[in-house]
Structure formats: structure tokens, C-alpha cells
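Trainee: Could you take me through the charged and aromatic contacts of this chain, one residue pair at a time?
Mentor: Gladly; put your questions in turn, and I will reason each one through to a value or a name.

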Amino acid sequence: DCATSKNDTGARAMHGNSGELTSGIKAPTFDGTQACASGDADLFFPEGPKERAIKLPIARRVCSSCKFCEECLSYALAHDVDGVWGGTTKRERRNIRKSKNLPSPRSMALLMDTLVK
């Protein structure tokens, strides 16, 4: 989801705060024109199979029309965020990381911690 209040990172991004986190990838800085800004935040956090079947296609359409979609996806791939971001689910992002041989957000955080110490 481009950003919603159910997720702290998303909530910060929704309000324009782009704090850099351990991955070095900043949270998207929205300008209020993101496609998800005027919709129902719950659309991006469907719970249960029935709700996912109904809401996921709608959330994907919203994301596909958004100029921030690629930035959202990049951020979500680097961080362990819930919900739909950049038109993808958490499971789909995990599969993308595996297929592109990208480290998990947790692995990156652990690596960064060891490098900083």
C-alpha cells in the first residue's frame, strides 16, 4: 500500500516523513497525490481469504495508477512492511527478493548492525 495508518512506516510516509532506515532506502515522500491517499486504508490490509479475494485486485488497480508505485515497491522490498505496497503483497515481495537473490530485510538489518559495531 502506498501508505496507511495500520503501519508505522506507512503512516510516516503518508505524512511526508522520509526517515532513512537501516537499509539506506528512504520511506517514500508523498505529496498528497498518491493514489492511496483518498481511499480506504483497509483496502491495503485485507484480512482473511475472502477479504483478500475482494480487496487485493482493487488495491492493485489503485497502485498501478500511482506515480509512486515503483518507489513504494522498492521501499517495501527493503523493509519488512505489511500490506500492499507497490501493488504487491508481503508474500509476493518475499518471492521477488528470492528470485532476484536479494537479502531479506532482517538479514540486511543484522548485517548493518555488525558493520556499524
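Trainee: Is Lys67 buried or exposed?
Mentor: This is a predicted model, and the class of a residue in it follows from its relative accessibility, where a value over 50% is needed to count as exposed. Lys67 reaches 59%, so the class of Lys67 is exposed.

Trainee: Which residue forms a salt bridge with Lys67?
Mentor: The partner is partly exposed, with a relative accessible area of 46%. The pair ties together parts that are 36 residues apart in sequence, because Lys67 lies in the loop between H2 and H3 while its partner lies in the loop between helix H1 (8-14) and helix H2 (48-64). The closest N and O atoms are 3.1 Å apart, and the residue that meets Lys67 is Asp31.

Trainee: How many residues apart in sequence are the parts tied together by Glu92 and Arg60?
Mentor: Glu92 forms a salt bridge with Arg60, and their closest N and O atoms are 2.6 Å apart. Because Glu92 lies in helix H4 and Arg60 in helix H2, the pair ties together parts of the chain whose separation in sequence is 32 residues.

Trainee: What class of accessibility do Glu92 and Arg60 have?
Mentor: The class between buried and exposed begins where the value is no longer under 20% and ends where it goes over 50%. Glu92 has 27% relative accessibility, and Arg60 has a relative accessible area of 28%. Glu92 is therefore partly exposed, and the class of Arg60 is likewise partly exposed.

Trainee: Which residues belong to the salt-bridge network that includes Lys90?
Mentor: The side chain of Lys90 meets that of Asp80 in a salt bridge, at 3.1 Å from N to O. This pair links distant parts of the chain, with Lys90 in helix H4 and Asp80 in the loop between H3 and H4, ten residues apart. Lys90 is partly exposed at 28%, whereas Asp80 is exposed at 55%. Through salt bridges that share partners, one network is formed by Lys90, Asp80 and Asp82.

Trainee: How many salt bridges does the structure hold in total?
Mentor: The count rests on a side-chain nitrogen of Lys or Arg lying within 4 Å of a carboxyl oxygen of Asp or Glu. Among the pairs that qualify are Asp31 with Lys67, Glu92 with Arg60 and Lys90 with Asp80. By this rule the number of salt bridges is five.

Trainee: Which helix gives the most to the positive surface patch?
Mentor: The patch is formed by Arg52, Arg91, Arg94 and Lys98. Lys98 has its place in helix H4, and it counts as exposed because its relative accessibility is 61%. Three residues of the patch come from residues 90-99, and the helix that gives the most is H4.

Trainee: What is the geometry of the one aromatic pair?
Mentor: A pair of aromatic rings is described by the distance of the centres and the angle of the planes. Tyr75 and Trp85, both of which are buried, make up the pair, and it links distant parts of the chain, with Tyr75 in helix H3 (residues 69-78) and Trp85 in the loop between H3 and H4. The centres are 5.5 Å apart and the planes stand at 35°, and the arrangement is tilted.

Terms used. Residues numbered from 1 in each chain as written. Predicted model: local features only at pLDDT ≥ 70, side-chain atom pairs only at ≥ 80, totals over all residues. Heavy atoms only, no water. Patch = residues over 30% accessible without salt bridge, like charges linked within 9 Å, V, L, I, M, F, W, Y side chains within 5 Å. Areas by Shrake-Rupley, 256 points an atom, 1.4 Å probe, with all protein chains shown as cover. Lys, Arg positive; Asp, Glu negative; His and termini not counted. Charge placed at Lys NZ, Arg CZ, Asp CG, Glu CD. Helix = DSSP H or I, 4+ residues; strand = E, 2+ residues; numbered from the N terminus. Buried < 20%, exposed > 50% of the residue type's maximum accessible area, 1.4 Å probe, protein only. Phe/Tyr/Trp six-rings, centres within 6.5 Å; stacked < 30°, edge-to-face > 60°.
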